[in-house]
Each structure stands twice: as C-alpha cells, then as structure tokens.
Amino acid sequence: MDLILVRYGEIALKGANRAKFERTLEENIRAYLKREGISFSGVSRKRSRIFIFNPSSVPDLSEVLGVVSYSPAWEFASLEEVKDFLRSQEEVFKNASSFRITASRADKNYPLTSPEIERELGAVVHGTFSTPVDLKNPQVNVGVEYIDEFFYLYFEKIPGWGGLPVGSSGKLVVLLSGGIDSPVAAFLMMKRGAELILLHFRREPLTDRIGEIHAALSRFSAGREPQLVIMELGRVKKFYDIIRRRDETHRYMCVLCKHMMLRTAEKLAFKKGALGIVTGDSLAQVASQTLENLAAQRYGLKLPVYSPLIGLDKTEIVNIAKKIGTYTPSIEHREKPCPIHSHPVTKARMDKFFQFWDEVTEKLGYLPWEKFFGKK
Ligand code: ATP
Ligand code: MG
C-alpha cells in the first residue's frame with residue numbers, strides 16, 4: 001500500500017463552507033494520525049479526495065468525523081503500470097471465485113472512458129489468472145480512480161461515519177448527564193461539525209463513568225477534544241432545600257432544576273463563545289419529558305437549545321450509544337442530580353413555574369449560577 005485514499009461528502013457543501021470543511025477535515029486527520037502514532041510522509045488534497053501518503057499502518061478513520069469512506073491504495077503513473085500490478089496479484093486473484101473492476105475518472109480528459117478502462121484491466125486479470133468476472137456479486141472488488149494524471153487502485157472501501165469534521169460549524173455547550181441519551185446527543189452534534197464543551201452537574205463525588213464518556217467522545221475528535229466542565233451541586237444545596245420545603249414546589253423539582261441547568265449552560269456558553277445548548281431530551285421518553293415541561297424549563301433562554309434525539313426512539317438511541325462506546329459507562333452511571341418528588345409534575349403550568357421560580361430565587365437571595373461563576 002502506498003497511501004490511504006479518503007473520501008468525504010462534498011456534494012452538499014458549497015462556497016466558503018466547503019473550503020472550511022476541507023481545511024478542518026485535513027487538520028483533524030493530521031491530529032488523529034499524530035494521536036495514534038501513525039507516521040506518514042505527507043497529507044494532501046486534490047479533487048475532493050484527501051491522500052495520506054506512506055502511512056506506517058492502516059488508520060481507523062471511522063474515528064474522524066466527516067470521512068465517508070477510505071481505502072488503502074496504490075498509486076500508478078500509467079495504465080500500463082496498473083496492469084503490471086494486477087498481473088503480480090496472484091494471491092488475490094488465483095483462488096478467487098470472481099472479480100469486478102470499477103473505474104472512475106475525476107479528470108474527463110483521459111482518452112479512455114471508465115467502461116473502457118474496466119474492460120482493459122478486466123481482460124488483464126482474466127487473461128492472467130482465468131478468474132471469472134461477476135458484476136453483481138464479485139468476491140474481489142477492484143476500484144480504480146484516475147485523478148490528475150495518476151491511477152489509484154484499491155481492494156476495499158471502508159465506511160466512515162460521514163457527517164462534518166469537528167470544528168467546522170462552531171461551538172456548543174452540552175448538558176451531559178451521564179445517562180444514555182445526552183452522550184448520544186453530543187455525538188450527533190459533533191458529527192454535524194460542532195466543537196463541544198461538556199457541562200456536567202454532579203451531586204456525589206465524581207465516578208469515572210463521566211470520564212469514560214468524555215474519553216469516548218474524545219476518540220472522535222482528535223485535536224478538538226471536548227472540554228469537560230464539572231459543577232458541584234453541593235454549592236446550590238440551599239436552592240434544592242427551598243424547593244423541597246413545600247410539596248407544591250417539590251413536585252416542580254425537575255422542571256426548576258433543568259431550568260437552573262439550562263440558564264447556567266447559557267452563562268457558560270456566553271463566556272466560551274458558544275452559540276447554543278445541547279440536551280439529550282427525547283419527547284415523552286420519560287413522564288417528565290412532556291411538551292409542557294420542556295416548554296416551562298426552556299422559557300426565557302436567549303440561546304437556542306438543540307435536542308437532536310427529540311424524535312428518536314430509545315432503541316435507535318441505544319444503538320448509537322453502543323456503536324460509539326458510551327452505552328456501558330452510561331448504564332453504570334446512576335446518579336440523579338436532584339432529590340425528586342414521588343409524584344413529579346408531568347404537565348407543568350407556565351404560570352406556576354414562574355411563580356415557583358421567583359419565590360425560590362427570592363428566598364435564596366441570589367441566582368443559583370452565581371455560586372458557580374461568582375457575581376457579575
Ligand atoms: P439522559 O439519558 O441524557 O440522562 P434522560 O432521558 O435521563 O436523559 P433527564 O434526566 O430528564 O432525561 O435529562 C434530560 C436532559 O437534561 C439530559 O439529556 C441532559 O442533557 C440534561 N441533564 C440531566 N441531568 C444532568 C446533569 N446532572 N448534568 C448535566 N445535564 C443534565
Ligand atoms: Mg438522565
């Protein structure tokens with residue numbers, strides 16, 4: 001193998017967005033190779049492909065978001081050289097039940113068309129090894145791409161996650177609970193190019209589950225790993241104590257607590273130059289995630305809240321969590337941020353929510369997040 005040929009989803013991107021996408025993807029690939037200790041002689045880009053030359057091993061580019069697929073490949077300066085190479089591939093073709101050649105040209109000036117290239121190369125393989133051609137279901141798939149006067153040949157196309165490279169769309173603050181949902185929400189926004197700041201509120205001493213979730217998300221963002229910010233709920237114990245004093249407000253605990261978290265996340269976003277908040281909310285997944293409760297807890301925020309799981313089923317979310325490695329630490333993480341009432345409100349009323357929020361913060365004498373950031 002001479003190089004890795006990397007494909008990305010360029011079609012939907014236009015103008016300045018595309019230039020930023022390509023630059024960021026190339027930077028992220030370099031950061032990934034450095035992290036993995038894979039040496040290489042160069043990385044370059046031409047015609048919607050990124051080339052990693054002479055890598056010391058085959059990288060796992062499913063860990064670099066934005067990569068649609070990639071292939072360990074060989075480079076040739078002429079079609080004759082490709083033919084010589086194919087003739088030397090006895091191991092590949094000798095015992096194969098069938099093969100197919102698929103050619104494409106980024107440069108339409110080449111004198112042969114793609115089907116003509118396929119036929120010429122196919123004839124060489126068949127003539128040398130007598131391997132039969134099967135266009136529908138071949139055992140060996142040979143890809144050949146003609147790009148700027150060179151031929152690139154490969155036997156496998158390894159799928160990546162697709163999406164956009166981390167860092168190409170800007171920053172977001174994620175409310176990360178440690179449950180199954182919010183790490184998946186974080187991943188999906190990262191897959192759309194967002195760079196993340198993870199905000200976790202904890203009641204008890206930190207378990208390393210959060211560290212494991214942070215590590216799993218960092219795996220997909222070499223060079224732009226999310227920052228993890230931990231806030232101790234012990235600092236706002238009084239806020240919870242006041243809510244618990246009355247049964248009526250206690251039933252609104254979750255809604256008031258989420259509002260506090262969202263407002264704190266918003267403060268953090270302003271400090272860090274982030275443009276929105278991400279949560280793992282999924283509509284009606286638990287009794288507290290009703291439209292009424294979501295509306296109440298989000299009321300009055302200045303920044304948008306993104307909840308990419310809102311329309312997904314639990315099984316779809318679990319499938320992604322398993323694929324990205326956050327499922328196990330998530331099911332082991334059991335902490336609840338607040339002391340919940342035995343009959344929490346499921347259809348929060350906006351007027352009640354306001355009344356309780358005002359009463360609680362008035363009794364408190366300050367706004368809860370001032371305990372996290374200091375007065376300003
Ligand atoms: P998750 O699986 O992400 O914990 P959930 O289905 O358990 O979500 P809730 O517990 O109602 O639902 O939490 C809804 C969202 O609120 C979470 O997805 C997360 O974004 C945020 N959140 C909840 N607890 C915390 C916490 N301790 N720290 C930061 N954010 C939190
Ligand atoms: Mg939870």
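This report describes the surroundings of ligand 1, the largest pocket and the largest cavity in a predicted model.

**Ligand 1 and its shell**

Ligand 1 has 18 residues around it, and those that come nearest are Leu175, Ser177, Asp181, Ser182 and Phe201. By class, this shell comprises 7 nonpolar, 8 polar and 3 charged residues. Three elements each supply at least two residues of the shell: helix H5 (181-191), strand S10 (194-202) and helix H9 (253-272). Strand S10 gives the most, with 3 residues.

Polar backbone atoms of Leu176, Phe201 and Gly280 lie opposite nitrogen or oxygen atoms of the ligand, as tabulated below.

| Residue (backbone atom) | Atom of ligand 1 | Distance |
|---|---|---|
| Leu176 | nitrogen | 3.3 Å |
| Phe201 | nitrogen | 2.8 Å |
| Gly280 | oxygen | 3.0 Å |

On its own, ligand 1 has 580 Å² of accessible area, and the protein covers 90% of that area. Phe201 appears twice in this description, since it is listed among the residues that come nearest to the ligand and also places a backbone N or O atom 2.8 Å from a ligand nitrogen.

**The largest pocket**

The space that ligand 1 takes is the largest pocket. This pocket has a volume of about 940 Å³. Its lining is made up of 38 residues, and Ser177, Lys258, Gln289, Lys336 and Pro337 lie nearest the centre. Two or more residues of the lining come from each of H5, S10, H9 and helix H12 (327-332). Whereas S10 gives the most to the shell around ligand 1, the largest share of the pocket lining, 5 residues, comes from H9. By class, the lining holds 17 nonpolar, 14 polar and 7 charged residues. Ser177 is named both among the residues that come nearest to ligand 1 and among those nearest the centre of the pocket.

**Enclosed cavities**

The model also contains 2 cavities of 30 Å³ or more. In the largest cavity there is about 60 Å³ of space. The residues that line this cavity are Asn28, Tyr32, Glu63, Val64, Leu65, Pro165, Val166, Phe220, Ser221 and Ala222. By class, 7 of the lining residues are nonpolar, 2 are polar and 1 is charged.

Terms used: Residues numbered from 1 in each chain as written. Chains lettered and ligands numbered in written order. Predicted model: local features only at pLDDT ≥ 70, side-chain atom pairs only at ≥ 80, totals over all residues. Heavy atoms only, no water. Near = heavy atom within 4 Å. Polar contact = N/O pair within 3.5 Å; in protein donor to acceptor, adjacent residues only side chain to side chain. Areas by Shrake-Rupley, 256 points an atom, 1.4 Å probe, with all protein chains shown as cover. 1 Å grid on protein atoms, 1.4 Å probe; cavity = no way out; pocket = protein on both sides within 12 Å on 5 of 7 lines; lining within 4 Å. Sits in = over half its atoms within 2 Å of the grid points. Helix = DSSP H or I, 4+ residues; strand = E, 2+ residues; numbered from the N terminus. Nonpolar A, V, L, I, M, F, W, Y, C, P; charged D, E, K, R; others polar. Points joined across faces, edges and corners; volume = space filled by probe spheres on them.
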